[in-house]
Structures are given as C-alpha cells and as structure tokens.
Amino acid sequence: AAGYDVRKAFEQHTAEDLRRTVDVNLLGAMNITHAFLRDMADGVIVHLGGFADGRLAFPYYAADAASRAGVASFVEAMNRELRLEGKPVTLLYFSPSPADTDAERPFHELWRQMGTKIVSTEQVAAELRRAVIQKRKQYVMGGVLVNGFAKLNSAFPNLADALMLNQYGKKLQSFFGKAAGTETKSSLALKAGLAMVIFSVALYGVIFSLPFFPISTANKLALTPVLMVVSEIVFWVGGALAGKDVVSRYRSYLDPREWCKPKEKAS
C-alpha cells in the first residue's frame, strides 16, 4: 500500500519527483512481488493502484498515472505467467475510491467537483477484503459508472475526452492553479448526464447489432427507428445535464469511425 503521489503540472516535476514516483510505485510493487513470490505456495499479493482501472490518465497526474498503469500491466502479465507455471498465487490490482485520509483530504473538494464520492477507510478495507477472498485479479471501487467509464476510456479515449475528461481537465487545471475560475456542476446532474450519454451510445451499438439478432426482418425494421429516436432523446437530455461540451462535439464523437482515430500530434 506504499505510494508516492505528485499532483502538479509535469513541467514542475523535478528529477527527484520522477525518480521517486517510479521507484516507489512501480519498482516497489515489483520488488515486493519478487521477495514474496518465491516462498508462496498459495495466496494473494495485493497492489493498491490508482483511481478507476489505474490507466485512466488525468492531466496533472502524468507521472503518477504512468507508474500506476505500469503496475496494472505488471499485475496482468504476472497473472498470465503464474497461470502458465501452474502456481496458485494471484496478484490483485486494487483501485480504491478517494478515501477520507489525511493524504487525500486536501483534494476532497476537487473530487466532489468531479462528482466522485469520498468513502471511508473502513469501506475501502471491506471491499479490499472481499476482493482478496474472491481471489480477484482486478477490483475497481466506484460502482458500475466508474468501471464502465474506465473501460470506455480504454477502448475509445477520444470519446472519453468528449464525454467527461475535457471537463475534468478544466477542473484539475483550475484546482492546481493553471486557470482561473471554472464552472462547477451539480455532482448528481453530472453523473446522470454522463450515464445517459453512455447509454445513448450503447443504444446505437444495439442498432448496429440488429442484423445478428434472431428476430424477423419486420421486427428489425420496426425497432431501428424506435431505438434511434430513443437514443437521440436520451443523448440530448444527458448532454444538457453533463454540459455543452458534450453536445457541441456530438456529431464527431458519436461517429464510431472517429473513436479509434489516433489523436493528431502538434508539429
């Protein structure tokens, strides 16, 4: 559970910040695993990671996010290796929600602005215990919305930017002193809007899958316009709740061909 966390603009990181971040977060996890694994006949080695799946890369968390993502990939690779070797040991990558701790307390207001609930240390411990008992390989606190958004970000980062991360970035920028006053939305409205937008995209996915459903052609033709209308209504209501950025980028980011395009690099 050891960690070194630097939250500031990457330009402001010192060489010592970068070295210590990698040494503690990534090499620390690898060294602990190496030390215990040799003598373990069974059991679980737990590594506490970052928010969501550990690969959700917030701005102003660049070095920390890179080290946590490294641990996530290390755990994934080791579990495959242990399975091939036939050793009944499991590595668990556990991603806690922001908790009510001394270290996290200065950032509570930021998490609230981003619509993320602060949980007790007892809740973190209880969910960690459950994950160990179940011998899970990955466990993400935060419920369906956090898990779903982490998966969406992994598959379609451009879409994740449009739906939420651009707004999060502005709040992070304001909190860390890089921009003046940003507009704060109701946490409930933000969550509801995001959920509705994601649901509308899922409905379009159902439309694209209709040709493979075991129903009659007539039913498929009847369902298609209904699903399209419902998806549009859900999207625009969700977009209004989540913010104008989502609505303004609707046409480009709801096009599945745009989701997988790499971001253009500045020349």
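**Strands, cores and salt bridges in a predicted model**

Strand S1 (residues 43-48) runs alongside strand S2 in the parallel sense, and the two pair over six bridges. One spot where the strands face each other is Leu 48, which stands opposite Phe 94 in S2. All of this is read from a predicted model. S2 itself, covering residues 89-95, is mostly covered, with seven of its seven residues buried. In a regular strand, side chains alternate between the two faces of the sheet. For S2, that puts Val 89, Leu 91, Tyr 93 and Ser 95 on one side, while Thr 90, Leu 92 and Phe 94 point the other way. Whichever way they point, all of these residues are buried.

Stepping back to the whole chain, the secondary structure comes to 11 helices and three strands. Read from the N terminus, the order of elements is α-β-α-β-α-α-β-α-α-α-α-α-α-α. The chain has 267 residues, and 41% of them are buried. Its contacts reach a long way along the sequence too: among those with a separation of 6 or more, 67% are between residues 24 or more positions apart.

Next comes the inside of the model. The largest nonpolar core has 29 residues, and Phe 58, Trp 111, Phe 149 and Leu 172 are the ones with the most contacts inside it. Four helices each supply at least two residues of this core: H3 (108-113), H5 (143-155), H6 (157-175) and H7 (187-209). Of the contributors, H6 gives the most, with seven residues. Apart from this core lies another one, made of 13 residues, including Leu 37, Ala 72, Phe 74 and Leu 82.

Two of the well-connected residues in the largest core are worth a closer look. Leaving aside residues up to four places away in sequence, Phe 58 touches Phe 51, Trp 111, Met 114, Leu 165, Tyr 168 and Leu 172. Phe 149, for its part, lies in helix H5. Its relative accessibility is 7%, so Phe 149 counts as buried. With the same sequence neighbours left out, Phe 149 touches Leu 56, Ala 160, Leu 163, Met 164, Leu 165, Leu 194 and Ile 198. Take Leu 163 from that list: Phe 149 and Leu 163 are 14 residues apart along the chain, and their C-alpha atoms are separated by 9.6 Å. Leu 165 turns up among the partners of both Phe 58 and Phe 149.

On the outside, the chain exposes about 14900 Å², and carbon and sulfur atoms supply 60% of that area. Part of the surface is a nonpolar patch of about 450 Å², made by Val 206, Phe 212, Phe 213, Ile 215 and Leu 223. Val 206 is found in helix H7, one of the helices that also feed the largest core. With a relative accessible area of 31%, Val 206 is partly exposed.

Charged residues tell another part of the story. Side chains of opposite charge can pair when their charged atoms come close. The structure holds 11 salt bridges. In one of them, Lys 8 meets Asp 17, with the closest N and O atoms 3.0 Å apart. The two partners sit in unlike surroundings: Lys 8 is partly exposed at a relative accessible area of 25%, whereas Asp 17 is buried at 8%.

Another salt bridge joins Arg 55 to Glu 76, where the closest N and O atoms are 3.1 Å apart. This pair links distant parts of the chain, 21 residues apart: Arg 55 is in the loop between S1 and helix H2 (62-85), and Glu 76 is in helix H2. Both ends are partly exposed, Arg 55 with a relative accessible area of 31% and Glu 76 with 37%.

Glu 76 has a further partner, since its side chain also meets that of Arg 80 in a salt bridge (3.4 Å, N to O). Glu 76 and Arg 80 are four residues apart in helix H2, so about one helical turn separates them. Arg 80, at 46% relative accessibility, counts as partly exposed as well. Elsewhere, Asp 5, Arg 7 and Glu 104 are linked in a network of salt bridges.

Notes
Residues numbered from 1 in each chain as written. Predicted model: local features only at pLDDT ≥ 70, side-chain atom pairs only at ≥ 80, totals over all residues. Heavy atoms only, no water. Core = buried A, V, L, I, M, F, W, Y, C linked by side-chain atoms within 4.5 Å. Buried < 20%, exposed > 50% of the residue type's maximum accessible area, 1.4 Å probe, protein only. Contact = heavy atoms within 4.5 Å. Areas by Shrake-Rupley, 256 points an atom, 1.4 Å probe, with all protein chains shown as cover. Patch = residues over 30% accessible without salt bridge, like charges linked within 9 Å, V, L, I, M, F, W, Y side chains within 5 Å. Salt bridge = Lys/Arg side-chain N within 4 Å of Asp/Glu carboxyl O. Pairing = 2+ DSSP bridges.
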